[in-house]
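These are my notebook entries on one structure, written down in the order in which I looked things up. The sequence and the model come before the entries.

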Amino acid sequence: MDNYTIADNFSLLSKLMDIHGEDSFKAKSFASASFTIEKLPAQLKETAPEDIARIKGIGSSTNKAIQEMLQTGHLSLLENFIIKTPPGILEMLKIKGLGPKKIATIWKELEVETLGELLYACDENRLTLLKGFGQKTQDNVKQSIEFYFSNRDRFLYAEIATMAQELEKRLQQMLAPALVSLTGQVRRTEIIIDEVELVVSAAPAIIEQQLSAIPDFTLVETTDHSQLWQHQQHVKMRIYSCLPEDFAKTLFITTADAAFLEHFDADGQAAALLNGATSEAAIFEKAGLDMIEPCMRNGGLALDLAKRKQLPTLISPEDIKGIIHSHSQWSDGVNTLEEMATAAKAQGLEYLVISDHSRSAFYANGLSIERIQAQHQQIEELNKTLAPFRIFKSVEADILYDGSLDYSDEILATFDLVIASVHSILKMTEEKAMARLLKAIENPYTTILGHMTGRLLLSRNGYPVDHQKIIDACAANNVVIELNAHPRRLDMDWQWLPYALEKNVLISIDPDAHSIEGYKDVYYGTLAARKGGLTKEKNLSSFSRTALETFLQQRRAARIN
DNA sequence: GCCGTTTTCGGCCCGACTGTTTTCAGTCG
């Protein structure tokens with residue numbers, strides 16, 4: 001083992017000791033040993049133990065640890081700390097601006113254990129609530145984590161979409177008159193993107209020659225049909241090269257996922273349909289099918305619907321009539337309630353459902369019963385001046401560990417609607433998660449089930465749930481299922497929308513906005529919803545104000561009293 | 001954990017910089 005490795009081990013040991021709240025002078029001595037060793041002119045493995053003992057800053061314990069590393073290749077003291085540290089906490093040490101003390105605070109105070117959760121806590125403005133943290137620290141941490149994530153090889157659609165569209169335009173200009181189109185995952189608006197894929201009607205050599213001129217891109221792989229380019233510190237780009245007369249065919253084939261193509265070719269007629277096609281529309285026409293939008297070219301469902309002439313008219317962003325699920329300064333939001341409402345009205349929306357956090361969400365400044373009453377007074381006053389725009393009184397009530405909601409029935413009854421979500425103790429078996437969720441769904445005051453699995457895409461898996469049973473329970477209890485539109489959540493997953501629609505369960509595309517800026521996330525929620533075949537009729541946030549009022553009255557009459 | 005003397009137990013603490021404070025805590029090179 002060389003000096004650098006030994007020094008690194010001591011450095012990490014020191015940080016972990018600080019994170020775990022060990023005596024800071026002890027931790028410091030390992031840090032200074034690390035510093036000293038890194039600068040030693042001679043290798044420790046070639047130095048006699050008694051000579052090592054004479055080095056300033058290395059005492060008997062450190063020397064013993066050095067000998068252990070030299071003899072066994074391990075440092076048991078360090079390994080013991082690693083075992084009791086979640087991997088996400090170790091990863092936080094890679095984030096600029098975060099040292100042991102801050103990480104310990106984040107871990108202990110926020111109960112955040114992964115970078116994904118930490119990023120989300122920044123989005124929700126929760127870091128600034130911690131002592132010793134301010135706006136700048138939160139901004140730095142957020143930026144730092146995003147940078148870290150951007151160096152990984154998978155991306156959220158929202159992180160990639162703009163860049164992909166700009167790339168498409170740029171290539172169209174560079175390679176004209178060749179045809180260029182986005183295809184694959186991006187064209188299907190998948191929620192997670194591995195590669196930006198494009199079809200280009202030009203020869204590989206020409207594409208390579210042109211793209212080599214862009215300094216940001218490096219060619220990493222060439223196959224018969226495609227080239228893979230790596231953008232510096234960014235996503236990979238795959239380019240399918242084809243003849244101009246094969247453009248429609250290639251676009252069709254590369255847009256769809258494998259299961260869709262398999263279904264499409266179930267009778268072995270695909271080749272005949274594709275060859276010589278001048279457009280995708282012509283392919284569908286020749287196949288006797290209505291045009292299936294690229295976003296629905298996953299699996300076989302859309303093809304079955306198309307064969308029966310039952311393709312739905314998909315919801316689109318302009319079908320959103322109000323903001324459901326939002327947070328203001330009353331809890332952990334950035335903007336005041338008045339600002340949130342005024343902005344929603346100015347955007348042409350008909351209503352705002354304000355759902356600040358409930359009292360157990362202490363980390364998010366959740367509302368005490370007194371503060372709920374004060375907020376309701378303010379809502380009533382604002383509604384007088386904003387009418388016909390309306391603020392609906394809501395709350396994002398924590399589903400507690402036993403499945404009960406965070407307030408008594410008397411308090412829950414004062415809201416127009418209640419969004420019930422799990423925020424704490426996310427590590428559960430499926431059995432526990434199901435019992436907890438089902439109890440919350442059966443609560444007559446629960447109107448909407450918020451972010452069903454608690455997942456954070458690319459960074460945290462949700463707790464395990466039996467989707468089918470949850471959907472069945474929502475159907476039985478007339479509970480709306482949220483499609484949380486935050487691009488890192490998109491929870492419930494769109495893959496379960498067909499089943500929910502079959503069971504006649506309403507969906508609600510909700511931004512979970514913690515600022516006015518957050519409203520724009522409904523766009524991503526809508527894209528995900530389209531993949532699952534959602535229509536505006538089945539989306540609660542597409543209801544007009546009056547339709548929502550009627551729905552809530554009827555639901556209340558049926559479920560309560 | 002290390003050090004060292006007024007010497008075996010009590011104090012130790014890179015300095016510059018940032019950010020959050022209103023005199024300091026934490027991070028980083």
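**Entry 1: salt bridges**

I began with charged side chains, and found that Arg-390, Asp-416, Arg-545 and Glu-549 are linked in a network of salt bridges, a salt bridge being a side-chain nitrogen of Lys or Arg within 4 Å of a carboxyl oxygen of Asp or Glu. I note that this is a predicted model, in which local features need pLDDT of at least 70 and side-chain atom pairs count only at pLDDT 80 or more, while totals for chains, interfaces and linings use all residues. Residues are numbered from 1 along each chain as its sequence is written, chains are lettered from A and ligands numbered from 1 in the order in which they are written, and side-chain values use heavy atoms, with hydrogens and water left out.

As a general point, side chains of opposite charge can pair when their charged atoms come close. By the rule above I count 21 salt bridges, and I looked up three pairs individually.

In one of them, Asp-194 pairs with Arg-154, with the closest N and O atoms 2.6 Å apart. Asp-194 sits in the loop between β3 and β4 (195-200) and Arg-154 in the loop between α9 and β1 (155-156), so this pair ties together parts that are 40 residues apart in sequence; helices (H or I, at least four residues) and strands (E, at least two) are DSSP runs, numbered from the N terminus. Asp-194 is partly exposed at 27% relative accessibility, and Arg-154 is partly exposed too, at 38%, where buried means under 20% relative accessible area, exposed over 50%, and partly exposed in between (1.4 Å probe, protein chains only).

I then took the salt bridge between the side chains of Asp-290 and Lys-309, at 3.4 Å from N to O. Asp-290 is in the loop between α16 (280-286) and α17, and Lys-309 in the loop between α17 and β8 (322-326), so the two tie together parts 19 residues apart in sequence. Asp-290 is partly exposed at 33%, whereas Lys-309, at 53%, counts as exposed.

The remaining pair I checked was Asp-521 with Lys-520, whose side chains meet at 3.8 Å, N to O. Here Asp-521 is buried, with 8% relative accessibility, and Lys-520 is partly exposed at 48%.

**Entry 2: an acid without a salt bridge**

Which side chain of opposite charge is nearest to Asp-510? Arg-489 is, but it is 11 Å away, and Asp-510 is buried yet has no salt bridge; for charge, Lys and Arg count as positive and Asp and Glu as negative, while His and the chain ends are not counted. Asp-510 lies in strand β14 (residues 507-510), and its side chain is joined to that of Ser-508 by a polar contact of 2.5 Å. A polar contact is a pair of N or O atoms within 3.5 Å; within protein, one must be able to donate a hydrogen and the other to accept it, and residues adjacent in sequence count only if both atoms are side-chain atoms. Leaving aside neighbours within four places in sequence, the residues in contact with Asp-510 (heavy atoms within 4.5 Å) include His-325, Glu-482 and His-486.

**Entry 3: the DNA**

I turned next to DNA strand B, which has 28 residues around it, with Gly-57, Thr-62, Gly-97, Gly-99 and Gly-134 coming nearest; a residue is near a strand if one of its heavy atoms lies within 4 Å of it. Of the strand B atoms within 4 Å of the protein, 77% belong to sugar or phosphate and the rest to bases. A polar side-chain atom of Thr-62 lies 2.7 Å from a phosphate oxygen of the strand, and a polar backbone atom of Lys-136 is 3.3 Å from a phosphate oxygen. The elements giving two or more residues to this surface are α2 (24-38), α4 (60-72), α7 (100-110) and α9 (135-150), and the largest share, five residues, comes from α2.

**Entry 4: backbone**

Most residues other than glycine have a negative phi, and most peptide bonds are trans. I found a cis peptide bond joining Ala-176 and Pro-177, with omega about 10°, and another from Ala-387 to Pro-388, with omega near 10°. Glu-111 has a phi near 60° and is exposed at 52%, while Thr-189 has a phi of about 50° and is buried at 13%.
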